[in-house]
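Thanks for coming, everyone. I have one model to walk through today. Please have a look at it first.

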Amino acid sequence: HILHLFIDGSWSPAVTDIYGLTPLWWTGYKGDKDCVEILLSRGADFLYQRTQSHWNLFYLPYGVSCNDSPLAAATKCHHGDIVAMMQDIIKARLSVASAGGETAETMTDVCQGCQQLTSEVCLLTDTLAQKDEQIYLLERTVNDMREELTSKDGQISSLAEGWVDLKKSFSHMDQQIHHVIASPDNS
C-alpha cells in the first residue's frame, strides 16, 4: 500500500503528482479521513496550493479547482470531518502562537482577516470554475455542431452523387428515346 511509504518516512507528504497536486489534496478531495489523518501527522501542508497554471487540468465537481488548497478542496466537497481535523491543527498552532506572547485579540484579527481572504479566494475560485465549465460546455457545443455539419456534408455529398446518377439515367433514357424515334422501323 502506497500510504506506508508516507508512514515510514520513505516519501515526503509534500511530493506532487504530474498535475502538481499533493497526496493530501487528493485524499481531502476524495474524503479519505484515515489517509488525511496519517498525512497530517507526517506534516502535510493543508494550505499548499500548486503554482502551475490557474486553469483546471480536468473537470472536477462541486466547483473544486486544481488550484485549491487541500483545505479548500475538502471544504467544497463537504468533507466536514476532514475540514474539522485541519481546523484543529490551525487552532493548535494559534494556541502555540498565543502562548508565545501574542495576544488573543491580535490572533482573532488575523483569523478574521484569513477567513475573509479565504472567502474571497473561494468566490474567485468558484467564478473561475464556473467559467471553466462554461468554456467546457461551449467547446462541447462547438464539437457537436462540427459533427452535425460533417454529417450534413455527408448527406449533401450523397444527394449530389444521387443527382449526378439521376442526370446520367435521364441522359441515357433520352438517348434511348432518340434512338427509338430515329430507327427506320418506326417510320
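One term before we start: a contact here means heavy atoms within 4.5 Å. Also keep in mind that this is a predicted model.

With that cut-off, take F46. Set aside its neighbours within four places in sequence. What is F46 then in contact with? The list is L24, L40, S69, P70, L71, M86, I89, I90 and R93.

Now the chain as a whole. Its secondary structure comes to 6 helices and 0 strands. Read from the N terminus, the order is α-α-α-α-α-α. The chain has 187 residues, and 23% of them are buried. Look at contacts with a separation of 6 or more: residues 24 or more positions apart account for 55% of those. On the outside, the chain exposes about 13,100 Å². Carbon and sulfur atoms supply 59% of that area.

Next, the inside. The largest nonpolar core has 12 residues. F46 is one of them. The others are L24, V36, L39, L40, A44, L71, A74, I82, V83, M85 and M86. Which helices each supply at least two residues of this core? Helix 3, residues 33–41; helix 4, residues 70–76; and helix 5, residues 80–99. Helix 5 gives the largest share, with 4 residues. There is also a second, separate core of 7 residues, and W25, Y29, C66 and C77 are among them.

That brings me to helix 2, residues 23–30. Helix 2 is mostly covered, with 6 of its 8 residues buried. Those are P23, L24, W25, T27, G28 and Y29. So L24 belongs to the largest core, while W25 and Y29 belong to the second one, by the rule that a core joins buried residues through side-chain atoms within 4.5 Å.

Now the rings. A search of the whole structure finds 3 aromatic pairs. I will show two that sit in helix 2. W25 and Y29 are stacked, at 5.2 Å centre to centre and 15° between the planes. They lie 4 residues apart in helix 2, about one turn. Both are buried. W26 and Y29 pair edge-to-face, at 6.0 Å centre to centre and 80° between the planes. These two are 3 residues apart, again about one turn of helix 2. Why does that spacing suit a pair? An α-helix has 3.6 residues a turn, so residues three or four places apart point the same way. Together, W25, W26 and Y29 form one aromatic cluster.

Is each of these rings buried or partly exposed? Y29 counts as buried because its relative accessibility is 12%, under the 20% limit. W26 has a relative accessible area of 25%, so W26 is partly exposed.

Two backbone points. G31 follows helix 2, and its phi is positive, near 85°. H78 also has a positive phi, near 65°, and H78 is not a glycine. H78 sits in the loop between helix 4 and helix 5. Its relative accessibility is 65%, so H78 counts as exposed.

Last stop, the surface. W163, L166, F170 and M173 make a nonpolar patch of about 450 Å². L166 is found in helix 6, residues 104–182. With a relative accessible area of 39%, L166 is partly exposed. Patch members need over 30%, so L166 passes that cut-off.

That's my tour. Over to you.

Key: Residues numbered from 1 in each chain as written. Predicted model: local features only at pLDDT ≥ 70, side-chain atom pairs only at ≥ 80, totals over all residues. Heavy atoms only, no water. Patch = residues over 30% accessible without salt bridge, like charges linked within 9 Å, V, L, I, M, F, W, Y side chains within 5 Å. Areas by Shrake-Rupley, 256 points an atom, 1.4 Å probe, with all protein chains shown as cover. Salt bridge = Lys/Arg side-chain N within 4 Å of Asp/Glu carboxyl O. Buried < 20%, exposed > 50% of the residue type's maximum accessible area, 1.4 Å probe, protein only. Phe/Tyr/Trp six-rings, centres within 6.5 Å; stacked < 30°, edge-to-face > 60°.
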